[in-house]
Amino acid sequence: MGKIIAINISGKKGVQKKEVGIAQLKVDHGIIGDAHAANWHRQVSLLDVASVNKMLAVRSDIELPPGAFAENILTEGMDLVNLAIGTKLQLGLTAIGEVTQIGKECHHHCQIYQKVGDCVMPREGIFIAIKVDGEIKAGDEIQVLKNV
């Protein structure tokens, strides 16, 4: 079980996301109001704070606020990269997402890569598709669902 530390959205692709306190997850869409939301397999991105800390260990002189890696949901206590494709996650009280992709190809180096010389999102970020609508907020729990 883990926890949602921050929820982040952006109005257009390719920019750092801004933290919002609460969000609506919509089936076959993602986070309402986020530029990456659409009926595809990468509706919502997640990254754990442990991954962010790896980058801070490399360059402690930079700031990496929530959304710096363009992640929609910053988690704590989730071993995201070791979840299997198809794993169902309950986010908050009612929302359910299904893991669709672990990591991603980085076609052009992001701002983090430019500053640090590396970025963990392509290796340790995950993507989910929303299967059940729901509202989420910072502080909500995330849990792996068994036999769903």
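Reader: What does the accessible surface of the protein chain come to, and what percentage belongs to carbon and sulfur atoms?

Author: This is a predicted model, in which local features need pLDDT of at least 70, side-chain atom pairs count only at pLDDT 80 or more, and totals for chains, interfaces and linings use all residues. Residues are numbered from 1 along each chain as its sequence is written, and side-chain values use heavy atoms, with hydrogens and water left out. By the Shrake-Rupley method with a 1.4 Å probe, the accessible surface of the protein chain is about 7500 Å², and the part belonging to carbon and sulfur atoms is 51%.

Reader: Which pattern do the helices and strands follow along the sequence?

Author: Helices (H or I, at least four residues) and strands (E, at least two) are DSSP runs, numbered from the N terminus. The protein chain has three helices and eleven strands. Their order is β-β-β-β-β-α-β-β-β-α-α-β-β-β.

Reader: Which strand gives the most to the largest nonpolar core?

Author: A nonpolar core is a set of buried Ala, Val, Leu, Ile, Met, Phe, Trp, Tyr and Cys residues joined through side-chain atoms within 4.5 Å, where buried means under 20% relative accessible area with a 1.4 Å probe, protein chains only. Of the 20 residues in the largest core, Leu89, Leu91, Ile128 and Ile136 touch the most other members. Elements giving two or more residues to this core include strand 7 (88–91) and strand 8 (95–102). With three residues, the greatest contribution comes from strand 9.

Reader: Which residues does the second, separate core include?

Author: This core has twelve residues. Among them are Leu47, Val52, Leu64 and Val120.

Terms used:
Buried < 20%, exposed > 50% of the residue type's maximum accessible area, 1.4 Å probe, protein only.
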